[in-house]
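Please follow the strands and helices of this model through the paragraphs below, keeping the sequence and the coordinates side by side.

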Amino acid sequence: MKNITRAMGRVNEEMRPVGIELGVLKDAEGSCLISFGDTKVICSATVDDKVPHFLKGKRQGWVTAEYGMLPRSTVTRMQRDSSKGISGRSHEIQRLIGRSLRSVVNLSELGERQIIIDCDVIQADGGTRTAAITGGFVALCQAVKSMYKSKLIKTIPISSQVAAVSCGIIKGVPMVDLDFQEDSSADVDANFVMTSDGKLIEVQATAENKSFTTDQFG
């Protein structure tokens, strides 16, 4: 397979540098600043003693997420979701984050509590949703450990670790962890959410300009 020259001299299967700084928000039960190259997302976890109405009385908890991009996280200023209502893109991404994290949590162990994961993109250079999922899991783990230490829960209810990465096909070549320039010119755009034992949680793959084969998908 041929290599395409990429920023920072990466090869096709090489991710950008990943950084995780813990405890960036002193009042949150869990928080981190995660970076995938120049993409930076602050993820925080809040433990709430109330569950959504559809879970009241069912003796189980919930994990949900909210996602947003700061106005100057992009090259040109964008409007805040709060000023125009949440966008369809933000709504879709926060649902993806919530599904991904719930897949590895034994919700019955939380009791009637929910953990809210807030993912705020402070700088966007491609792969914001996958960075948010990965950082959201880190914040979730911190919150669960805090609950355990405070004896709110009896066990750690997380069954596996979760991380996510974007992939794409550019000029017929599959590659991993696309930055914005690569993502905007990709023929195929995909996101993979997986567990630490190699199991798939969710796959999103779309032919932006050209269809792709099952071999390319693999």
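Val63 has Ile115 of S5 as its bridge partner, within a parallel pairing in which strand S4 (residues 62–69) and S5 are held by eight bridges; strands (E, at least two residues) and helices (H or I, at least four) are DSSP runs numbered from the N terminus, and two strands pair if DSSP finds at least two bridges between them. S5, which spans residues 114–123, also pairs with strand S3 (residues 39–48), here in the antiparallel sense and over nine bridges, and Gln114 of S5 is the bridge partner of Asp48. The model is a predicted one, in which local features need pLDDT of at least 70 and side-chain atom pairs count only at pLDDT 80 or more, while totals for chains, interfaces and linings use all residues. Residues are numbered from 1 along each chain as its sequence is written, and side-chain values use heavy atoms, with hydrogens and water left out.

An open sheet of four strands follows the order S7-S6-S8-S9 with antiparallel pairing. Strand S7 (173–176) and strand S9 (200–207) each have a single partner strand, so one side of each edge strand is left without a neighbour in the sheet. On average, and with direction ignored, neighbouring strands of this sheet are turned by 15° against each other. Within the sheet, strand S6 (residues 162–170) runs antiparallel to strand S8 (residues 188–195), and eight bridges join the two; Ala163 stands opposite Met194 in S8.

H2 packs on this sheet, touching S6, S8 and S9 (contact means heavy atoms within 4.5 Å), and the direction of H2 makes about 150° with that of S9. H3 packs on the sheet as well, touching S6, S8 and S9, with a direction at about 165° to that of S6; such angles run from 0 to 180 degrees between N-to-C directions, and axes are lines fitted to C-alpha atoms, for helices over the stretch in contact.

Between the helices themselves, H2 (residues 88–102) and H3 (residues 128–149) pack at an angle of about 40° with their axes 10 Å apart, which means that H2 is oblique to H3 (under 35 degrees counts as roughly parallel, over 145 as roughly antiparallel, 65 to 115 as roughly perpendicular, and the rest as oblique). Residues making this contact include Ile93, Leu96 and Ile97 of H2 and Ala132, Ile133 and Phe137 of H3.

Glu202 lies in strand S9 and touches Leu96, Arg99, Asn191, Phe192 and Val193, not counting residues up to four places away in sequence.
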